[in-house]
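Trainee: Could we go through some of the words people use for protein structures? I would like to see where they come from.

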Amino acid sequence: MKSSAWDRVYNEGKHLLMNHLNIEVPMIAAVNGPAHRHAELAVLCDIVLAAEHTTFQDPAHFPNGTVPGDGVHIVWPLVLGVNRGRYFLLTGQKISAQEALTLGVVNEVLPRDRVLPRAWELAEHIAKRPTLAIRYARVAMTQTLKRMMLDDLGYGLALEGLGAGEHWPAPPR
């Protein structure tokens with residue numbers, strides 16, 4: 001892959017996760033189906049609700065020959081624990097909603113038709129708090145995550161880009 005093409009992936013990957021963490025209100029993820037691509041965006045939310053049939057997986061990276069460096073290498077070991085997170089990424093393990101609840105990845109597992117109403121219920125509950133409490137709670141709770149991303153996301157994306165070079169033919173000389 002040309003470095004200019006990977007530069008776009010690098011920049012978009014950094015901005016996606018940092019912009020996600022820069023949102024200054026609590027975020028609620030309502031996951032109502034398979035979360036097999038960029039599920040880290042859902043589990044980085046402050047409250048994570050999942051339908052009973054939801055599954056979480058990362059088959060796009062290591063099981064597909066790609067370095068898991070676009071933030072998943074930070075998020076999954078954080079939410080699952082270091083060893084379980086690495087296992088999840090290296091094996092392409094699929095985690096059911098109930099197992100995700102047991103492991104602390106999600107906060108509630110609900111019937112499919114209750115996920116969105118429950119998200120709205122929680123949002124309305126949060127919205128009753130003072131505006132600055134709402135904003136600053138999110139800021140306080142994401143500070144450590146932002147620091148982790150600043151420290152390790154660029155490096156992970158660079159390694160993913162270096163590893164991706166094996167999948168592309170060498171440029172003509």
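Mentor: Here we look at a sheet and two histidines. This is a predicted model, in which local features need pLDDT of at least 70, side-chain atom pairs count only at pLDDT 80 or more, and totals for chains, interfaces and linings use all residues. Residues are numbered from 1 along each chain as its sequence is written, and side-chain values use heavy atoms, leaving out hydrogens and water.

Trainee: What makes β1 and β2 paired strands?

Mentor: Two strands pair if DSSP finds at least two bridges between them, a strand being a DSSP run of E with at least two residues, numbered from the N terminus. Here 4 bridges join β1 to β2 (residues 47–51), so the two count as paired. V31 stands opposite A50 in β2.

Trainee: Why are β1 and β5 said to stand at the edges?

Mentor: The open sheet has the order β1-β2-β5, with parallel pairing. β1 (28–31) and β5 (108–110) each have a single partner strand, so one side of each lacks a neighbour in the sheet.

Trainee: Why is H61 called buried?

Mentor: Buried means under 20% relative accessible area, exposed over 50%, and partly exposed in between, using a 1.4 Å probe and protein chains only. H61 has 6% relative accessibility, so it counts as buried. H38, at 39%, counts as partly exposed.

Trainee: How do you know that H61 and D58 make a polar contact?

Mentor: The term needs a pair of N or O atoms within 3.5 Å; within protein, one must be able to donate a hydrogen and the other to accept it, and residues adjacent in sequence count only if both atoms are side-chain atoms. The side chains of H61 and D58 are joined at 2.8 Å, so the distance fits.
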